[in-house]
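Visitor: Could you take me closely through the surroundings of the ligand, and then through the helices that follow in the chain?

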Amino acid sequence: MEAISVGRAQLFQGDALAGLERLKADSVDALITDPPYSSGGMYRGDRVQDTGAKYLNTGQRHPGPSWPGDTRDQRSYGLWCERWLGAAYNALKRGGVVAVFCDWRQLPTVSDAIQVAGFVSRGILVWDKTEGTRPVKGWHRQQAEFVITASKGPRGKPGADAPVLPGVVRCAPRAGEKLHQVGKPVAVMRELVRLAPADGVVLDPFMGSATTGVAALESGRAFVGVEIDPHYFGVSLERLRKLEAA
Ligand SMILES: C[S@@+](CC[C@H](N)C(=O)[O-])C[C@H]1O[C@@H](n2cnc3c(N)ncnc32)[C@H](O)[C@@H]1O
């Protein structure tokens, strides 16, 4: 698997594990990623549907295709997360930070996997998607997704200019902004990349449409991304090329 360089970004097309194995040990400052959730339903029948059926609201359309890797049951999802998190552990510097997205169903599994991989658990950030999310009759609206944070060993003393970051990021997903079926808003990723040093290297092994990459490069950080799907890899490449050429 060869890396494609785009300015301060290095991109790999292929499996996350293979990409992570290409990285030098102790070379990355922050792992910030939004892996497939393998969620989107309570039952096997729900889980194996394609991602468009699972994650787009009824009547909602997205020009991007469905994507792979989202059909594991909870047990195998946990084992898989342990594997890629273990490979990412090797690539992270000591004191490096981790921020992994999940939903309410996978929160305990991802939290366990992060610690099995060797990281020190640090907390949970809430992404509040606002009241625009799908209502649930007779129940609380599932309007939040979660970002589990951790570090590789002690975090190190923050510098005098280290920012104080919010514990809740309130930001509605904007359909028009999404270049991926489940693309995250760039505004949310801008908050997350602030976990990395101002000149640090941010890694996203499930980059989708490179929203993490955009936030990293815009803020002066370097970026390493891996994506298995050729369509979304192409979207990332074009997006980051435009950004670096601007
Ligand atoms: C939740 S999406 C990421 C969306 C991204 N945060 C964005 O804003 O565009 C997860 C991505 O992981 C990719 N993926 C699934 N399995 C993978 C694997 N084994 N290795 C690398 N990428 C994978 C999918 O194709 C999908 O694009």
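Guide: What follows describes the ligand's shell and its polar contacts, and then the packing of three helices. The model is predicted, and the values below are computed from its atoms. The ligand is surrounded by 21 residues, of which Asp 15, His 180, Ser 209, Thr 211 and Glu 227 come nearest. By character, this shell divides into 10 nonpolar, six polar and five charged residues. Two of the nearest residues, Ser 209 and Thr 211, also make polar contacts through their side chains: an N or O atom in the side chain of Ser 209 is 2.6 Å from an oxygen atom of the ligand, and for the side chain of Thr 211 the distance from an N or O atom to a ligand oxygen atom is 2.6 Å as well. Lys 184, by contrast, offers a backbone N or O atom, which lies 2.9 Å from an oxygen atom of the ligand. Taken alone, the ligand would expose 610 Å², and the protein buries 97% of that area.

Thr 211, whose side chain contacts the ligand, also belongs to helix α7, which spans residues 211-218. Helix α7 packs with helix α8 (residues 230-245) at an angle of about 15 degrees, and their axes are 10 Å apart. Because angles under 35 degrees count as roughly parallel, α7 and α8 are roughly parallel to each other, and their crossing is right-handed. Helix α6 (residues 186-193) also packs with α7, the two axes coming within 8 Å and crossing at roughly 55 degrees, which makes α6 oblique to α7. The crossing of α6 and α7 is right-handed.

How values were computed. Residues numbered from 1 in each chain as written. Predicted model: local features only at pLDDT ≥ 70, side-chain atom pairs only at ≥ 80, totals over all residues. Heavy atoms only, no water. Near = heavy atom within 4 Å. Polar contact = N/O pair within 3.5 Å; in protein donor to acceptor, adjacent residues only side chain to side chain. Areas by Shrake-Rupley, 256 points an atom, 1.4 Å probe, with all protein chains shown as cover. Nonpolar A, V, L, I, M, F, W, Y, C, P; charged D, E, K, R; others polar. Axes fitted to C-alpha atoms, helices over the stretch in contact; angles between N-to-C directions. Helix = DSSP H or I, 4+ residues; strand = E, 2+ residues; numbered from the N terminus. Parallel < 35°, antiparallel > 145°, perpendicular 65-115°, else oblique. Left-handed = near helix turned anticlockwise from the far one by under 90°.
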